[in-house]
Amino acid sequence: MRVKSVIGVFASLVLIAVVSVVVVLHRSGGGIKLPRIGPECTVRADGEVTLDSVQMANAATITAVGVRKEMPEQAVVVALATAFQESKLENLDDGDRDSVGLFQQRPSQGWGTIEQIKDPRYAAGKFYTALKKVKGWEKMRVTDAAQKVQRSAYPNAYEKWADESRVLARALLGKATGAVACTVTGAPVIRGTDAAAALMAGLKLDWGKKLDFASEEAAGLTVSVSNVSSGWRYAHWLVSHASATGLERVRFGDLEWHAPEGKWQQVTTAGERDNGRVVAEVFS
């Protein structure tokens with residue numbers, strides 16, 4: 001009887017604890033951030049956004065495609081807000097009816113094949129092309145511009161992601177310094193020359209002809225840049241894709257990012273400070 005009593009008391013305490021957590025979360029309106037499992041990225045640029053590594057990489061690709069297509073910052077904001085609402089910045093295999101991908105585009109509606117739409121670069125490019133055809137989109141609210149492209153059953157849903165998207169766009173367009181910080185733990189998924197080749201391939205696919213001169217090396221790669229803003233575009237793109245590419249370090253200007261720490265810190269050696277190039281090193 002005493003053992004049963006102890007077990008009963010323990011079960012009651014567990015139940016009370018669970019109920020307490022639920023009540024606190026309910027009263028806080030979801031404001032409490034529960035611990036994340038796995039890599040995490042924090043973006044700070046006149047605001048703060050926290051994403052996982054997959055979301056971060058997709059956001060960086062959407063932004064790079066916007067730059068490649070010479071779309072203004074507001075277009076990137078609209079694209080990011082749309083992907084936030086449609087897929088939470090995840091490249092989904094399915095959705096409503098035949099919708100797939102980041103923007104939940106439908107093959108039956110002429111967006112492309114499933115394989116094409118599942119390519120984030122293709123999907124982002126198709127979105128920007130459609131947005132560009134919307135007359136006066138630049139002066140519309142984010143949600144109205146997005147709705148002209150998406151024709152969603154929830155036309156006002158995109159607006160709630162506008163602030164987060166502005167933070168991401170500002171950082172990923174290179175208008176903030178050391179703004180994308182991702183922590184990557186565990187063994188690298190790829191190393192050495194294979195990692196360097198994967199990084200270079202990703203850069204070329206995302207940036208295309210907009211990519212400044214880049215050279216691949218055994219230990220990583222170097223991207224020559226014409227100005228500070230361009231440098232931070234590439235530096236932030238590299239960090240955003242670090243989890244899947246075996247990236248260990250990124251250095252630009254007087255700051256350096258290191259994968260395990262996930263923070264930008266001052267470069268200690270004066271000779272390594274360089275505003276003319278972004279240096280990326282992979283795990284050996």
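**Group meeting talk: a sheet, a disulfide and a pocket**

Okay, let's start with the sheet: strand 1 and strand 2 run antiparallel and are joined by five bridges. Before I go on, this is a predicted model, where local features need pLDDT of at least 70, side-chain atom pairs count only at pLDDT 80 or more, and totals for chains, interfaces and linings use all residues. Residues are numbered from 1 along each chain as its sequence is written, and side-chain values use heavy atoms, with hydrogens and water left out.

Quick vocabulary: helices (H or I, at least four residues) and strands (E, at least two) are DSSP runs, numbered from the N terminus. Two strands pair if DSSP finds at least two bridges between them.

So which order do the strands take in the open sheet? It's 2-1-3, three strands with antiparallel pairing. Strand 2 (48-52) and strand 3 are at the edges with a single partner strand each, so each has one side without a neighbour in the sheet. On average, neighbouring strands are turned by 20° against each other, direction ignored; those angles are between lines fitted to C-alpha atoms, for helices over the stretch in contact, and run from 0 to 180 degrees between N-to-C directions. If you want a spot to look at, find Val43, which stands opposite Val49 in strand 2.

Helix 2 (residues 53-68) lies across strand 1, strand 2 and strand 3, and it runs at about 115° to strand 2. Contact here means heavy atoms within 4.5 Å.

Now, the disulfide. That's a covalent bond between the sulfur atoms of two cysteines; the cut-off used is a pair of sulfur atoms within 2.5 Å. The structure holds one, and it joins Cys41 to Cys182, S to S 2.1 Å. Cys41 is in strand 1 (residues 40-44) and Cys182 in strand 3 (residues 180-183), so the pair ties together parts 141 residues apart in sequence. Buried or exposed, what is Cys41? Buried, at 2% relative accessibility, and Cys182 is buried at 2% too. Buried means under 20% relative accessible area, exposed over 50%, partly exposed in between (1.4 Å probe, protein chains only).

Over to helix 7 (residues 162-172): its buried residues include Val167, Leu168 and Leu172. Just after helix 7, Gly174 takes a positive phi of about 80°.

Last stop, the lining of the largest pocket. The largest share, three residues, comes from helix 6. A pocket, by the way, is an open set of points on a 1 Å grid over the protein atoms alone, where a 1.4 Å probe fits, with protein on both sides within 12 Å along at least five of seven lines; lining residues have an atom within 4 Å of a point.
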